[in-house]
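Work through the exercises below with the model open beside you. Try each task before reading its solution.

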Amino acid sequence: MFLIVAKYLIPKGYRGLAVFPFVFVKYPVDKNNSIFVNHEKIHLQQQLELLILPFFIWYVLEYCFRLLQYKNANLAYRNISFEREAYANESNLKYLETRSFCFFLKFLS
């Protein structure tokens with residue numbers, strides 16, 4: 001994993017973006033935020049499991065589905081299965097050591 005500060009690459013309203021094998025952060029302080037970095041590491045693992053490109057296709061499709069479902073961009077984002085798993089486990093710094101393969105599927109409903 002490579003942590004890179006890229007203020008202008010991150011969309012407005014967000015602090016980071018994981019694109020295997022990189023984690024881009026908007027603010028230098030987030031490089032030292034272990035919970036934030038763990039959240040992004042969870043996304044890197046999800047990307048590996050789906051062989052990277054299918055992850056992003058699924059992410060966009062699920063976001064579109066959730067947007068139709070909730071009619072609210074923030075609620076749609078927060079309810080993407082990948083985000084639900086990452087937010088639920090970001091404070092468990094040992095999560096990736098015990099995480100089951102494709103565990104994000106448990107967060108689809």
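**Exercise 1. Find which helices the buried residues of H2 pack against.**

Solution.
Step 1. Know what you are looking at. This is a predicted model, where local features need pLDDT of at least 70, side-chain atom pairs count only at pLDDT 80 or more, and totals for chains, interfaces and linings use all residues. Residues are numbered from 1 along each chain as its sequence is written, and side-chain values use heavy atoms, with hydrogens and water left out.
Step 2. Locate the helix. H2 covers residues 53-70. Helices (H or I, at least four residues) and strands (E, at least two) are DSSP runs, numbered from the N terminus.
Step 3. Pick out its buried residues: Phe55, Tyr59, Glu62 and Arg66. Buried means under 20% relative accessible area, exposed over 50%, and partly exposed in between (1.4 Å probe, protein chains only).
Step 4. View the helix down its axis. The buried residues of H2 fall within an arc of 80°, so they line one face. The arc is that of the directions from the helix axis to the C-beta atoms.
Step 5. Read off the partners. The buried residues of H2 pack against helix H1 (34-49), helix H3 (73-78) and helix H4 (81-89). Contact means heavy atoms within 4.5 Å.
Step 6. Turn to the other side of H2. Leu53, Leu61 and Leu68 are exposed there.

**Exercise 2. Compare the spans of H2 and H1 with what is expected.**

Solution.
Step 1. Take the rule. The expected span is 1.5 Å times one less than the number of residues.
Step 2. Apply it to H2. With 18 residues, H2 reaches 26 Å from first C-alpha to last, close to the 26 Å expected.
Step 3. Apply it to H1. Its 16 residues should span 22 Å, and its end C-alpha atoms are 22 Å apart, which agrees.

**Exercise 3. Describe the surroundings of H1 and of its residue Asn38.**

Solution.
Step 1. List buried residues of H1. Among them are Phe36, Val37, Asn38, His39 and Ile42.
Step 2. Find their cover. It includes E1, E2, E3, H2, H4 and H5.
Step 3. Zoom in on Asn38. At 5% relative accessibility, Asn38 counts as buried.
Step 4. Name its contacts. Leaving out residues up to four places away in sequence, Asn38 touches Asn89, Glu90, Asn92, Leu93 and Leu96.

**Exercise 4. Work out how the strands pair: parallel or antiparallel?**

Solution.
Step 1. Take the pairing rule. Two strands pair if DSSP finds at least two bridges between them.
Step 2. Start with E2 (residues 16-19) and E3 (residues 22-25). They run antiparallel, joined by 4 bridges. Gly16 stands opposite Val25, and Ala18 stands opposite Val23.
Step 3. Add E1 (residues 2-5). E1 and E3 pair in the parallel sense over 4 bridges. Leu3 stands opposite Val23 in E3.
Step 4. Check the faces of E2. Gly16 and Ala18 point to one face and are buried, while Leu17 and Val19 point to the other and are not.
Step 5. Inspect the turn. A hairpin joins E2 to E3 through 2 residues. Pro21 sits in this loop. The peptide bond from Phe20 to Pro21 is cis, with omega near 5°.

**Exercise 5. Look at phi of Leu51 and Lys71, then place both residues.**

Solution.
Step 1. Take Leu51. Its phi is near 65°, a positive value in a residue other than glycine. Leu51 is in the loop between H1 and H2. At 67% relative accessibility, Leu51 counts as exposed.
Step 2. Take Lys71. Its phi is near 55°, again positive in a residue other than glycine. Lys71 follows H2, in the loop between H2 and H3. At 70% relative accessibility, Lys71 counts as exposed.

**Exercise 6. Summarize the whole chain: its elements and its radius of gyration.**

Solution.
Step 1. Count the elements. There are 5 helices and 3 strands.
Step 2. Write their order from the N terminus: β-β-β-α-α-α-α-α.
Step 3. Judge compactness. The radius of gyration is 13 Å, close to the 13 Å that the globule rule gives for 109 residues, so the chain is as compact as a globular protein of that length. The radius is taken over C-alpha atoms, and the rule is 2.2 Å times the number of residues to the power 0.38.
Step 4. Add burial. Of the 109 residues, 38% count as buried.
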